[in-house]
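What follows is a guided reading of a single protein chain, moving from individual residues to the sheet and then to the helices. Please keep the sequence and the model in view while reading.

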Amino acid sequence: MTDDTSSDLVLHHYDPSPYSEKARLVFGLKGLAWRSVIVPMVLPKPLLLPLTGGFRRTPVLQIGADIYCDTLRIAMELDRRHPDPPVLPDPGMGFDNILATWAERVLMWPTARYVTGMNREALSAPFFADRSAMRGHATPSMAEVEASLPHHERQLHLMLGWIEDVLADGRNHPSGERPRLSDFAVYQRLWWLKALEGKAAQALDLYPRIQAWMSRVAEIGHGKRTELTPDEALAIGKDATPAPIPAEIEADGPAPGTFVAVATEDFAPDPVQGTVVYATRDEIAIRRDDPRTGVLHVHFPRLGYDVTAL
């Protein structure tokens with residue numbers, strides 16, 4: 001490629017993805033320009049997996065030959081490269097991680113099941129089969145999906161009441177006066193209620209403080225987005241060289257050179273194999289070599305991921 005694209009921020013995502021909305025808002029808060037590569041909602045993802053080595057979750061951030069998996073790791077890297085304003089402020093990072101972990105491991109399930117149930121006619125049978133396979137479950141029938149809706153709706157309203165209560169003291173955001181990663185983690189779950197055909201959005205009608213807060217977050221925007229094809233993204237990876245290892249790191253984990261598998265702890269485990277470049281308490285990077293992309297460094301957070309020496 002003639003232009004130097006090794007420092008471009010390339011987000012592999014799809015528009016209705018709630019986790020991608022979280023990353024897009026980080027771009028917006030920081031006022032960043034980025035390239036958009038649309039990936040399929042379900043497997044196969046033949047032009048993404050050569051970059052990640054098998055990681056199939058959305059979104060994925062690519063910067064040259066460095067691939068960042070999981071929105072937490074994406075946010076860490078964007079803070080490192082573009083620190084003003086921070087989305088994981090220090091001090092304060094502990095609270096952000098606690099609130100974000102609750103949103104994405106507890107609040108996630110009633111929102112996900114309520115949205116997909118309410119919009120079941122807009123989603124394809126392969127979507128339900130794909131998401132069930134990610135969790136190791138049998139694909140539910142549409143009758144089962146419909147029958148479970150009242151339970152998920154009750155659970156959702158219980159948690160929406162908690163968020164409404166957090167905002168009752170007049171704060172602008174659940175985390176305080178300025179938006180941070182934890183706000184985007186909560187927001188992306190509630191934003192998805194409006195996604196697809198929007199049939200789940202009615203759940204928000206009873207919560208005026210939540211609606212006002214969501215309007216404030218939406219005004220942040222997504223930065224400057226331009227489109228890129230998946231083949232162009234592969235070419236960027238092949239033409240680039242992974243960034244140097246951070247100068248100051250506190251090693252914690254498998255030693256560099258160890259061959260490991262990195263897999264999520266919960267669903268879509270699909271392990272990614274490679275050689276450790278560095279490992280700290282918070283993150284791990286592994287080296288992979290793919291015939292379509294050459295040498296890549298694939299980065300993960302330590303939170304929520306198993307690392308196994310092979």
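I63 counts as buried because its relative accessible area is 2%, and the cut-off for that class is under 20%. The model is a predicted one, and in it I63 is found in strand β3. If neighbours within four places in sequence are set aside, I63 is in contact with S6, S7, D8, L9, Y68, E77 and R81. A further relation in space concerns D239, which is 176 residues from I63 in sequence and 12 Å from I63 in space, taken from C-alpha to C-alpha.

The strand that carries I63 leads on to its neighbour. Strand β3 (residues 60-63) is joined to strand β4 (residues 66-69) by four bridges, and the two run antiparallel. Within this pair, Q62 is the residue that stands opposite I67 in β4.

These strands belong to a wider arrangement, an open sheet of ten strands with mixed pairing, whose order is β5-β2-β1-β3-β4-β9-β8-β7-β6-β10. Because β5 (224-227) and β10 (305-309) stand at the edges and have a single partner strand each, one side of each is left without a neighbour in the sheet. On average, and with direction ignored, neighbouring strands of this sheet are turned by 35° against each other.

Strand β9 offers a second residue to look at, namely H299, which is found in that strand. With a relative accessibility of 4%, H299 counts as buried. Not counting residues up to four places away in sequence, H299 touches D66, I67, Y68, C69, R73, Y278, I284 and A285. Two of the residues in that list, Y278 and A285, also face one another across a strand pair, since Y278 stands opposite A285 in β8.

That pair is formed by β7 and strand β8 (residues 283-290), which are antiparallel and linked over four bridges; together β7 and β8 make a hairpin with three residues between them. Strand β7 also pairs with strand β6 (residues 259-264), again through four bridges and in the antiparallel sense, and here F259 stands opposite T275 in β7. Why can β7 be called largely enclosed by the rest of the structure? Of the eight residues of this strand (residues 272-279), six are buried, so the rest of the structure largely encloses β7.

The helices that pack on the sheet come next. Helix α1 (residues 18-30) touches β1 (10-13), β2 (33-38) and β3, and its direction makes about 160° with that of β1. Helix α3 (residues 71-81) lies across β3, β4, β7, β8 and β9 (294-301), and runs at about 130° to β4.

How do these two helices stand to each other, roughly parallel or roughly antiparallel? The axes of α1 and α3 come within 10 Å and cross at roughly 10°, and the two helices are therefore roughly parallel to each other. On the α1 side the contact is made by Y19, K22, V26, F27 and K30, which meet T71, L78 and D79 in α3. By class, the residues of this contact of α1 with α3 divide into four nonpolar, one polar and three charged.

Helix α1 has another helical partner in α8 (residues 181-191), the axes of the two coming within 8 Å and crossing at roughly 135°. The angle makes α1 oblique to α8, and the crossing of α1 and α8 is right-handed. In this contact P18, Y19, E21, K22, R24, L25, V26 and L29 of α1 meet L181, F184, A185, Y187, Q188, R189 and W191 of α8. The residues of the contact of α1 with α8 divide into ten nonpolar, one polar and four charged.

A last helix pair is formed by α4 (residues 93-118) and α7 (residues 149-166), whose axes come within 9 Å and cross at roughly 135°. That angle makes α4 oblique to α7, and the crossing of α4 and α7 is left-handed. From α4, the residues W102, V106, L107, P110, T111, R113, Y114, G117 and M118 meet L149, H152, E153, Q155, L156, M159, W162 and I163 in α7. Sorted by class, the residues of the contact of α4 with α7 are eleven nonpolar, four polar and two charged.

Notes: Residues numbered from 1 in each chain as written. Predicted model: local features only at pLDDT ≥ 70, side-chain atom pairs only at ≥ 80, totals over all residues. Heavy atoms only, no water. Buried < 20%, exposed > 50% of the residue type's maximum accessible area, 1.4 Å probe, protein only. Pairing = 2+ DSSP bridges. Axes fitted to C-alpha atoms, helices over the stretch in contact; angles between N-to-C directions. Contact = heavy atoms within 4.5 Å. Parallel < 35°, antiparallel > 145°, perpendicular 65-115°, else oblique. Left-handed = near helix turned anticlockwise from the far one by under 90°. Nonpolar A, V, L, I, M, F, W, Y, C, P; charged D, E, K, R; others polar.
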